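Please look over the sequence and the structure shown below before reading on. The report that follows takes up a few aromatic side chains, a pair of cysteines and a sheet.

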Amino acid sequence: YRGTGNDGGDGITIDPASPNNVISTKWPAGGGYAQVRERSNDYMETAVLHNNGIPPNDHWWVSAKNDRSSPVYFYANSGPNCYYSTGINNNWILMNPVPFPHHAVWLEVSAFASGSTTVYCAMLNPSPSLSSKLRVFDGTSWNERSNNLPPGLNVRSVQSSTSILINDWAYLTMKFGDPAKRVYRTTNKGQDWENITGNL
């Protein structure tokens, strides 16, 4: 995705109630690997940096998501942390006072329902094991949710259902992995994962 120029990151997220309000991610001018967020209230005709509350770091891949509610909450990752903002113009607020053990490389946010939002944070674990590659915020606290996901593979991304059914899917990195272990599904916010790769 591209916002106001330069290569984009993992996302452009749009306020469902006010689609002119947009947050996007990109690499800043001048090179380097630290991605930034920017916001716009005119459909990305113009944009300004939107990093208040997020300290500078060397993180090279960030996400921007929202909970598809009204009023909308926006979410972003940076380094080993996740953040939220209560509006397009508001500062980012840290969600995990204790940093994750590895950098977050993917963020997924469920639609707001039943008084809370589920946030999935996939981490880049240099030595993928049975743990420390996926954390899930259940509306109250962060929990390790790598159960039943194979060792040796990181979570590349998570996708959340947009329907009333509680189905979320994890896609695993495959560079050196087992092709029979690519796609997993959960119906309980990552407490358990079922391999549904089939014959892909």
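Are Phe-137 and Trp-142 buried or exposed? In this model, which is a predicted one, both Phe-137 and Trp-142 are buried.

## Aromatic rings

When the whole structure is searched for aromatic rings that pair with one another, 4 such pairs are found. One of them joins Tyr-75 and Tyr-84, whose ring centres are 6.5 Å apart and whose planes meet at 40°, an arrangement described as tilted. The two partners differ in how much of their surface can be reached: Tyr-75 is buried, with a relative accessible area of 7%, whereas Tyr-84, at 24% relative accessibility, counts as partly exposed.

The rings of Phe-137 and Trp-142 have centres 5.4 Å apart, and because their planes stand at 50°, this pair is tilted as well. Returning to the tyrosines, Tyr-75 and Tyr-84 belong to one aromatic cluster together with Tyr-73.

## Two cysteines without a bond

A disulfide is a covalent bond between the sulfur atoms of two cysteines. How many disulfides does the model contain? The count comes to 0, and the cysteines Cys-82 and Cys-121 help to show how such a result is reached. The cysteine sulfur closest to that of Cys-82 belongs to Cys-121 and is 3.5 Å away, which is too far for a bond, because a disulfide is counted here for sulfur atoms within 2.5 Å. Looking from the other side, Cys-121 is likewise in no disulfide, and its nearest cysteine sulfur is that of Cys-82.

As for their surroundings, Cys-82 is buried, with a relative accessible area of 0%, and Cys-121 is also buried, again with a value of 0%.

## The open sheet

Four strands form an open sheet, in which the order is E9-E10-E11-E12 and the pairing is antiparallel. Strand E9, made of residues 104–109, and strand E12, made of residues 142–144, stand at the edges, and because each has a single partner strand, one side of each is left without a neighbour in the sheet. On average, and with direction ignored, neighbouring strands of this sheet are turned by 20° against each other.

The pairing can be followed in more detail at one edge, where E9 and strand E10, which covers residues 119–123, are joined in the antiparallel sense over 5 bridges. Within this part of the sheet, Val-109 stands opposite Val-119 in E10.

Terms used
Residues numbered from 1 in each chain as written. Predicted model: local features only at pLDDT ≥ 70, side-chain atom pairs only at ≥ 80, totals over all residues. Heavy atoms only, no water. Pairing = 2+ DSSP bridges. Helix = DSSP H or I, 4+ residues; strand = E, 2+ residues; numbered from the N terminus. Axes fitted to C-alpha atoms, helices over the stretch in contact; angles between N-to-C directions. Phe/Tyr/Trp six-rings, centres within 6.5 Å; stacked < 30°, edge-to-face > 60°. Buried < 20%, exposed > 50% of the residue type's maximum accessible area, 1.4 Å probe, protein only.
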